[in-house]
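Me: Could you take a close look at one buried spot in this model for me, and then work outwards to the rest? I'd like one connected walk-through rather than a list.

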2 protein chains.
Amino acid sequence: MDHETFRRYGHELIDWVADYMRNVETYPVLSRVSPGEIRDRVPPSPPEEGETMEAVIEDFRRIILPGITHWNHPRFFAYFPANHSGPSILAELLSAALGINAMLWQTSPAATELEERVMDWLRQMLGLPGEFRGVIQDTASTATLCALICARERSSGFRINEKGFMGGVMDGALRIYTSGEAHSSVEKDARIAGFGSQNVVKVDVDAAFAMVPEDLEKRILADRNSGLIPCCVVATVGTTSSTALDPLRPIGEIARRYGLWLHVDAALAGSAAILPEKRWILDGIELVDSFVFNPHKWLFTNFDCSAFFVRDPEALTRTLSILPEYLKTDLDRQVTNFRDWGIQLGRRFRALKLWFVIRSYGVEGLRTKLRDHLRWAQEFKEWVEKDPDFEILAPVPLNTVCFRFNPWGEGASAEDLERLNKAVLDEVNRSGRIFITHTKLKGDFSLRLCVGQTQTQRHHVREAWEALCETRTVKKHRKG
Amino acid sequence: MDHETFRRYGHELIDWVADYMRNVETYPVLSRVSPGEIRDRVPPSPPEEGETMEAVIEDFRRIILPGITHWNHPRFFAYFPANHSGPSILAELLSAALGINAMLWQTSPAATELEERVMDWLRQMLGLPGEFRGVIQDTASTATLCALICARERSSGFRINEKGFMGGVMDGALRIYTSGEAHSSVEKDARIAGFGSQNVVKVDVDAAFAMVPEDLEKRILADRNSGLIPCCVVATVGTTSSTALDPLRPIGEIARRYGLWLHVDAALAGSAAILPEKRWILDGIELVDSFVFNPHKWLFTNFDCSAFFVRDPEALTRTLSILPEYLKTDLDRQVTNFRDWGIQLGRRFRALKLWFVIRSYGVEGLRTKLRDHLRWAQEFKEWVEKDPDFEILAPVPLNTVCFRFNPWGEGASAEDLERLNKAVLDEVNRSGRIFITHTKLKGDFSLRLCVGQTQTQRHHVREAWEALCETRTVKKHRKG
């Protein structure tokens, strides 16, 4: 493709994107295709000869678009969002065009130094301790994996890296503590890093689904008495099911007392700490060793962009650094080489989109959007509470509401309620009007609505409530 | 940013990108800034109020661009390329605009099904076995980590995931075999996965820097006799230093004989297998368990895009699957959920750019470009060979030439040659005309030139040679 052809189709696609963002509400939120439908429309073999960009773009509209679930739809209330914004998309365009690899300082000094700067901006915005240093990772899964490995290496005097778990370095198994409400990535990462699922201790949660510090301490002591080696605590600020908030201060005091690494997964909720009135969710952060939150979830920055902070960068780089001859440069002692700060060697230029977003909105502009989302989530919660056919299943400290349809009151069985609410979920999602997802809380099937999309306004949240209320008329009398 | 503002700046930036790609040769390849220079030009704190997009774009040009090392410059010959193309950049724009997460089928069926299709296109293009199934990973580092964990789990009957390395599952340490020329990510991944560096056995290489199968077998047997447990072989097709080609067939036969998982890292060189005349580099591929190559290196597809293939997808998903309630869908038994095929849960829509690139070029169009690169690398090699002041340090089976300036002949010391060639490297790179990097081969400092950029033409390779020849006049008489 020559440069003028690129220019021509670039302009065409910018118009398409602008129109798409303006009209995204006209699409069903959740794609309606059936399994295999898209695959069957793509030829089974690649073309020998090149095709025109017209044909490719036409197929993008005809084949791909119907199979898209519209994550930036203002009525997308599922999972946690992966939100974005105009400035972020423009920065992704520039990043794709530059096509650099930000693995070393010299492979693009601006990528490294801008990343250092914008990560420090985020540190200030969230009120993280001054000594925290940040690096952009792809996802919180990866950041938490880095944290677990750091914890493992600190516990073993950096000898598991060298000798492996089987090298006779440890006298007992290393143990990780997290709550039963923690994200599945904690257990997945514990498997990857060789701890094993069995050594992930699920600490009790309270009525608000937050970790109980007393139970944490009890389990640490019991493990020590059994010859096991407490290594790491992963606390969650904003659990995936219900945005429950583990109390960092008492957890941090326990972690310090017993010499455990404390990692905090605040993937969604970290963004809320840019609000002075929500800063309390990170109370005790000065006791934390590592911290991750995802600007790609709730700070209008395209996925992937996960902000990982560590108190002691040397613990991270000592754990992850490996330096073959072909990556050495003369400046290695003077500069930051982010290759040593993560799992992957290659790294995209992701600082650019953060810079575009923070400058374009300003911190106050970001705060305004988050306050809207928080307020509308509270309103939705109030609508649920006031309706005798619905009930709230968890506190709503942030932007996510867990609730269920229960026209039968206290006598209803969990099985009946699950069947009923699955039907509600299926019906509202198939309508295309909204997309919400579910979870389980203490075994109870729960609907779950998260307000976090860039374009969402109050009336979209109201429409979600109305869509849910409409299904009720159909479902109400179908018990058993 | 409203949609019309997005449209306006989108058009402005498309023009900027088209101009940039046309004029990229006017920039020095390697950025000339000093450490701290970019950082000092970015304010230490974020703005409270939003700024105009004019101001942000202006700062992009003024502050960021001088700190960019231009990876898509036609005279970028460093490392391995991270090349891209117009169709790929356009697809990245669309992917950023859609902003979906391809973790589950339902979170965008088109993303999952297009990925299945284009990965099968790649499988056919490279002549991989029919049973191979593919998934897009970010980098070969991550793909190789997945392979090592699969090998670990197969060796332990999937019990290390459950009980951990310390769970008494294994009687001895698990061992990984790779050549001394393998990429640093193999050892890094072995650390992450808990094997430890000490259990990465460096098999001897021959004069062409390829793994010696007889030495592999000898080491496996010696380990078995010592109570160690051979687990995995990582063969490299196209080593990072010199694109040496480990012979897959004899290695595969040994791996089969002793029941080891065989993973192949063909990060750069895999793309060459789309050429019928180069298909032999994968001879023996039917004996392989997993295989990775990077379309983002040499197939004109933006970083990141790493193509990972496995013979037995169930071994992969059984190793990496973890299914919390909030990720369950009704269709889980009927569809592919790529969340179970990698480390991360969240996934960008990367299949789109592969689809745009393969359709836009056609397989034959891609072959033409690769043949050009291969031919020009051979020409460069011939220029080096014919010049008495230079010498070739490794075979050139593909697009990468290892060589050094040696005006002194056989009597020169390795130290003198290293000093001299470091000075040459520094001078040509500082000139801004070309960017090449270095490696060490059997302890000898080697310059290294890789022909793989999308816009590179023969005259650019010739200019690289001329730039190198010019430094000779300065350096020739500075011995000792």
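Reply: Let's start at A:Phe291, which counts as buried because 29 C-beta neighbours sit inside 10 Å. (Buried means 20 or more other C-beta atoms within 10 Å of the residue's own, exposed means 12 or fewer, partly exposed is in between, and the C-beta atoms are placed from the backbone.) Before going further: this is a predicted model, where local features need pLDDT of at least 70 and side-chain atom pairs count only at pLDDT 80 or more, while totals for chains, interfaces and linings use all residues. Residues are numbered from 1 along each chain as its sequence is written, and chains are lettered from A and ligands numbered from 1 in the order in which they are written.

A:Phe291 belongs to strand S6 of chain A, residues 290-293. (Helices and strands are DSSP runs numbered from the N terminus: H or I of at least four residues for a helix, E of at least two for a strand.) Skip the neighbours within four places in sequence, and A:Phe291 is in contact with A:Leu128, A:Val264, A:Ala266, A:Ile285 and A:Phe309. Contact here is C-beta to C-beta within 7 Å, with those atoms placed from the backbone. A:Cys231 makes a handy yardstick: 60 residues separate it from A:Phe291 in sequence, and 16 Å separate the two C-alphas in space.

Now follow the chain to the loop between H11 and S7 of chain A, where you'll find A:Phe300. A:Phe300 has a positive phi of about 65° despite not being a glycine. For background, most residues other than glycine have a negative phi, and most peptide bonds are trans. A:Phe300 is buried, since 30 other C-beta atoms lie within 10 Å. The loop has another oddity in store: the peptide bond from A:Phe303 to A:Asp304 is cis, with omega near 5°. A:Asp304 sits in the loop between helix H11 (295-298) and strand S7 (306-310) of chain A. Over in chain B, B:Phe303 and B:Asp304 are joined by a cis peptide bond with omega about 5°, and B:Asp304 lies between helix H11 (295-298) and strand S7 (306-310) of chain B.

A:Phe209 is worth a stop too, as a non-glycine residue with a positive phi near 70°. A:Phe209 falls in the loop between strand S3 (200-203) and helix H9 (213-225) of chain A. With 23 other C-beta atoms within 10 Å, A:Phe209 is buried.

Next, a helix pair in chain A. H6 (residues 140-155) and H12 (residues 313-320) pack at about 90°, their axes 9 Å apart. (Axes are lines fitted to C-alpha atoms, for helices over the stretch in contact, and angles run from 0 to 180 degrees between N-to-C directions.) That makes H6(A) roughly perpendicular to H12(A), a label for angles of 65 to 115 degrees; under 35 is roughly parallel, over 145 roughly antiparallel, and the rest oblique. From H6(A) come A:Cys146, A:Ile149, A:Cys150, A:Glu153 and A:Arg154, and they meet A:Ala315, A:Leu316, A:Thr319 and A:Leu320 of H12(A). By class, this H6(A)–H12(A) contact has 6 nonpolar, 1 polar and 2 charged residues. (Nonpolar: Ala, Val, Leu, Ile, Met, Phe, Trp, Tyr, Cys and Pro; charged: Asp, Glu, Lys and Arg; polar: the others, Gly among them.)

Zoom out to the whole of chain A, and you have 15 helices and 11 strands. Buried residues make up 60% of its 480 residues. Of the contacts in chain A with a separation of 6 or more, 74% are between residues 24 or more positions apart. The C-alpha trace spans about 70 × 60 × 45 Å along its principal axes.

Last, the two chains together. Chain B superposes on chain A by a rotation of 180° with 0.0 Å of shift along the axis, RMSD 0.0 Å. (The fit is least squares on C-alpha atoms of residues with pLDDT of at least 70 in both copies.) The copies are thus related as by a two-fold rotation axis. The same surface serves both copies, with 100% of chain B's contact residues recurring in chain A. In total, 126 residues of chain B are in contact with 126 residues of chain A. Helix H1 (residues 3-23) of chain B gives the most to chain B's side, with 15 residues. By class, that side has 59 nonpolar, 44 polar and 23 charged residues.

Terms used:
Two residues are in contact if their C-beta atoms, placed from the backbone, lie within 7 Å.
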